Amino acid sequence: MATMTTDAPESGATQHEELRTGSDAIVDTLKKSGVDLVIGYSGGGTMMLADSIVKGGLKTMAARTETSAAWLSYGYNRIKRRASSAVVTHVVGVLHTAPVLYAAKSDSTPLLVIDINSSNALDVREGLQDGTEVYSAMKPLTKYIRKMTTAEDMPLAVRQAVTAASTGRPGAAVLDVQFNALIQGTSCKSEPLTLPAPPGAAPQAIAEALGKIKAAKQPVLVVGAGVHLSDGAAELRQLAERLNIPVVCTTWGGRGVLPDTHPLFAGVLGSFGWESANEVVQRADLWLAFGTTFSQVSTGAWTLAKPDEVIHVDIDPQQLGKIFEPSLGIVGDAKVVLQQLIDAVDKEGWTNPDGADGPWVRMMEKAREEWHAYHKTLGAESGSPINQYYLKIGRAHV
């Protein structure tokens, strides 16, 4: 990989290392940043990077189109909950990844796209119309974007892109690499990347939240995709069962945090949800909301009347108060904050005085039973209801 050594780092390099090409530096830094798969649509200027990928031992997968490559990486990273794969494509067609970039931004999914553009010496010639405005076209869709015209700080850019895509509210990162940056040398060091630990809440915020929960007569946990993205479903279930609090999930993103058959699951919230869930949310005197943006579909076009007390927990501070103003906003990772609340409950030894058979839980159970009874009538004619609410196969509900 190395071609020579230098007595001093190039200008801008942070630490001394053997001089190698920008192409090799990309691969080395991807590996040290936890990226274990490259999904590509090869051709054109990508061939040098493809050679570095093979030499570097990174796993690869080919795709039929740039769009399909990006969707494959989107799914892989969403399961991994970080940027564990990268999309590599030539500049011709890289704009076809735009729908996936937008989805990653909207759905909080880590995504890393690297395109190989023409050499910057050709900028004045506008040789490939696809590459002229990659940066400006993709910037509104990304959390992080850099146009790399030299190899000098290539390891820094790769590391920053992986970090940005994987932390906080995840999203898309794009490196628009001009071809000359692949063949130039860099001595900037590629170091192992350790992502920062997800943030928790301040102790006083946890104490205030617990105080509001203890004072509420009819609290409900409103759960969005942020709980899944933080891998916090187990903690969510533990808190709900510890305090006997009904749970509703957002229409698509929060589905599956609890099984449909769980005694505390009131249902799916929103325009395409269960009447039982909407009824419970409207009767609640406290919303304990985790990882939800209060979207149009999940709130029935924002027609839900919020209670006086709303605790909203989200890793993105821009979500707090964006739609429903909370009485307590907490910036933090859903899994971490859920565990903090569990620990606080355990430390105080507090239990819900109503227990599992209190009037609030019984009301939720009655609403859910009425909804299921009504729902059965929807499929009575065919004998096997298949609709957007759930799929019935024999006796199992999926």
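The exercises below, each with a worked solution, concern a predicted model.

Residues are numbered from 1 along each chain as its sequence is written. Because the model is predicted, local features need pLDDT of at least 70 and side-chain atom pairs count only at pLDDT 80 or more, whereas totals for chains, interfaces and linings use all residues, and side-chain values use heavy atoms, with hydrogens and water left out.

**Exercise 1. Determine in which helix Ser-166 is found, and whether this residue is buried or exposed.**

Step 1: Ser-166 belongs to helix α6, residues 154-166, where helices (H or I, at least four residues) and strands (E, at least two) are DSSP runs numbered from the N terminus.

Step 2: Ser-166 counts as buried because its relative accessibility is 11%; buried means under 20% relative accessible area, exposed over 50%, and partly exposed in between, with a 1.4 Å probe and protein chains only.

Step 3: When neighbours within four places in sequence are left aside, Ser-166 is in contact (heavy atoms within 4.5 Å) with Arg-82, Ala-83 and Leu-195.

**Exercise 2. Describe the open sheet of 6 strands and place helix α6 against its strands.**

Step 1: The strands follow the order β3-β2-β4-β5-β7-β6 with parallel pairing, two strands being paired if DSSP finds at least two bridges between them.

Step 2: At the edges stand β3 (59-62) and β6 (144-148), each of which pairs on one side only.

Step 3: Inspecting one pair, we find that β4 (residues 85-90) and β5 (residues 111-117) are joined in the parallel sense over 4 bridges, and that Val-88 has Ile-114 as its bridge partner in β5.

Step 4: Helix α6 lies across β5, β6 and β7 (172-178), and runs at about 165° to β6; axes are lines fitted to C-alpha atoms, for helices over the stretch in contact, and angles run from 0 to 180 degrees between N-to-C directions.

**Exercise 3. Characterise the packing of α1 with α6.**

Step 1: Two packed helices are described by the angle between their axes and the distance between the axes.

Step 2: For helix α1 (residues 22-32) and α6 the angle is about 35°, and the axes are 9 Å apart.

Step 3: From α1 the contact draws on Gly-22, Ala-25, Ile-26, Thr-29 and Leu-30, and from α6 on Met-154, Pro-155, Val-158 and Arg-159.

Step 4: Sorted by type, the residues of this contact are 6 nonpolar, 2 polar and 1 charged, where Ala, Val, Leu, Ile, Met, Phe, Trp, Tyr, Cys and Pro count as nonpolar, Asp, Glu, Lys and Arg as charged, and the others, Gly among them, as polar.
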